[in-house]
Amino acid sequence: MKTAVVLLPGLNRDRDMIAALTTITGQAPATVWQTETSLPDVDLVVVPGGFSFGDYLRAGAIAARSPVMRAVAEAAARGVPVLGVCNGFQILCEAGLLPGALMRNAALRFVCREVKLEVVNAGTRFTKAYSQGQVIRCPVAHHDGNYFADDETLKRMNDGGQIVFRYAEGTNPNGAIHDIAGIVNEAGNVLGMMPHPENLIEPEHGGTDGRGIFESALNISSSLAA
Amino acid sequence: MIKARIVVTLKTGVLDPQGKAIESALGNLGIEGVGSVRQGKVFDVELNTDDAAHAKTQLDAMCEQLLANTVIENYAVEIDHG
């Protein structure tokens, strides 16, 4: 199981992601710096969280135009699974790999807490380890997680099963439209989500609810406790 | 050289929590009669060309590709802004 983590200046969740991937796959992921123009041959590419380029212009906007993201787009087009978490989700939207945009939280506050996520589509390659409608725990930490897409796009996403995670009722931390917390692209091989599954993969983290995303994407048999 | 000003604003219908917060702060200052506030961004750009048509093409390209996120924002380009 080979994985790669994209590194950009200003990210700060890359080490958590590297630790999570190392624990799950038994080997450290390749790291790919922003100026690289190609990716190694891997089974999963991850764009981690943080504040790439200081969130200048818009969260993820500058990072999305970096050379490495062209390589990520090419890999995604070839069908390689790509996961973007938090700033990674913002970057994938800004790069046009996912529909919609992430705006400033409706209450204008940075939120850092645990939320409950409903698995809206357990049929994606990232969610096979979960059951349809299952509610999992996951931490969030962001200032710009207020997902927005126009009605036409939302309808297309809804019909196509592209809405993968919603904040469970009463836990929407940022005003995201339709409580959207995570989405996939039309082809189903690019997932973006605001919550941090990499922070809930070992019992020492207080739970293992986030593990299923990595295990699903990497076709590792699930170790999730029911 | 051509100088241009680009104004990026949120599309109608896109919630602007920052504009709302400014609106309420104006109320706190006792400035009355404010119907609504929408926050936007201004970019002043200098281009090393005297060809206005070429400049317009370049400015539109930079708006489409970077300065505006056209999912949520509109942009307007003003050339030779004083």
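B:K41 counts as partly exposed, at 28% relative accessibility; here buried means under 20% relative accessible area, exposed over 50% and partly exposed in between, with a 1.4 Å probe and the protein chains only. The model is a predicted one, in which local features need pLDDT of at least 70 and side-chain atom pairs count only at pLDDT 80 or more, while totals for chains, interfaces and linings use all residues. Residues are numbered from 1 along each chain as its sequence is written, chains are lettered from A and ligands numbered from 1 in the order in which they are written, and side-chain values use heavy atoms, with hydrogens and water left out.

B:K41 forms a salt bridge with B:E73, and the closest N and O atoms of the pair are 3.8 Å apart. A salt bridge is taken as a side-chain nitrogen of Lys or Arg within 4 Å of a carboxyl oxygen of Asp or Glu. Since B:K41 lies in strand β2 of chain B and B:E73 in strand β3 of chain B, the pair ties together parts that are 32 residues apart in sequence. B:E73 is buried, with a relative accessible area of 8%. Both residues also belong to a network of salt bridges that links A:R58, A:R65, A:E94, B:K41 and B:E73. Over all chains, the count comes to twelve salt bridges by this rule.

The two strands just named belong to an open sheet in chain B, where three strands are arranged in the order β2-β1-β3 with antiparallel pairing. Helices (H or I, at least four residues) and strands (E, at least two) are DSSP runs, numbered from the N terminus, and two strands pair if DSSP finds at least two bridges between them. The edges of the sheet in chain B are β2 (40-47) and β3 (73-79), each of which pairs on one side only. From one strand to the next, the twist averages 20°. Strand β1 (residues 2-10) of chain B runs antiparallel to β3(B), and seven bridges join them. One of the residues in these pairings is B:R5, whose bridge partner in β3(B) is B:E78.

B:R5 also forms a salt bridge with B:D44, with the closest N and O atoms 2.7 Å apart. This pair links distant parts of the chain, B:D44 being in strand β2 of chain B and B:R5 in strand β1 of chain B, 39 residues apart. B:D44 is exposed, with a relative accessible area of 53%, whereas B:R5 is partly exposed at 25%.

Helix α2 (residues 52-67) of chain B lies across β1, β2 and β3 of chain B and runs at about 160° to β3(B). For such angles, axes are lines fitted to C-alpha atoms, for helices over the stretch in contact, and the values run from 0 to 180 degrees between N-to-C directions; contact means heavy atoms within 4.5 Å.

In chain A, strand β10 (residues 180-184) is joined to β11(A) by three bridges, and the two run antiparallel. They form a hairpin with five residues between them, and A:G188 in the turn has a positive phi of about 85°. Within this pairing, A:V184 has A:L191 as its bridge partner in β11(A), and A:I183 stands opposite A:G192. Five of the five residues of β10(A) are buried, so this strand is largely enclosed by the rest of the structure. Strand β9 (residues 163-167) of chain A also pairs with β10(A), in the antiparallel sense over three bridges, and A:R166 stands opposite A:I180 in β10(A).

A different sense of pairing is found for strand β4 (residues 82-85) of chain A, which runs parallel to β11(A) and is joined to it by four bridges. There, A:V85 stands opposite A:M193 in β11(A). In a regular strand the side chains alternate between the two faces of the sheet. In strand β11 (residues 190-193) of chain A, A:V190 and A:G192 point one way and A:L191 and A:M193 the other way, and all are buried.

The loop between β10 and β11 of chain A contributes a salt bridge as well: A:E186 pairs with A:R156, the closest N and O atoms being 4.0 Å apart. A:E186 lies in that loop and A:R156 in helix α5 (residues 151-159) of chain A, 30 residues apart. A:E186 is exposed, with a relative accessible area of 65%, and A:R156 is partly exposed at 42%.
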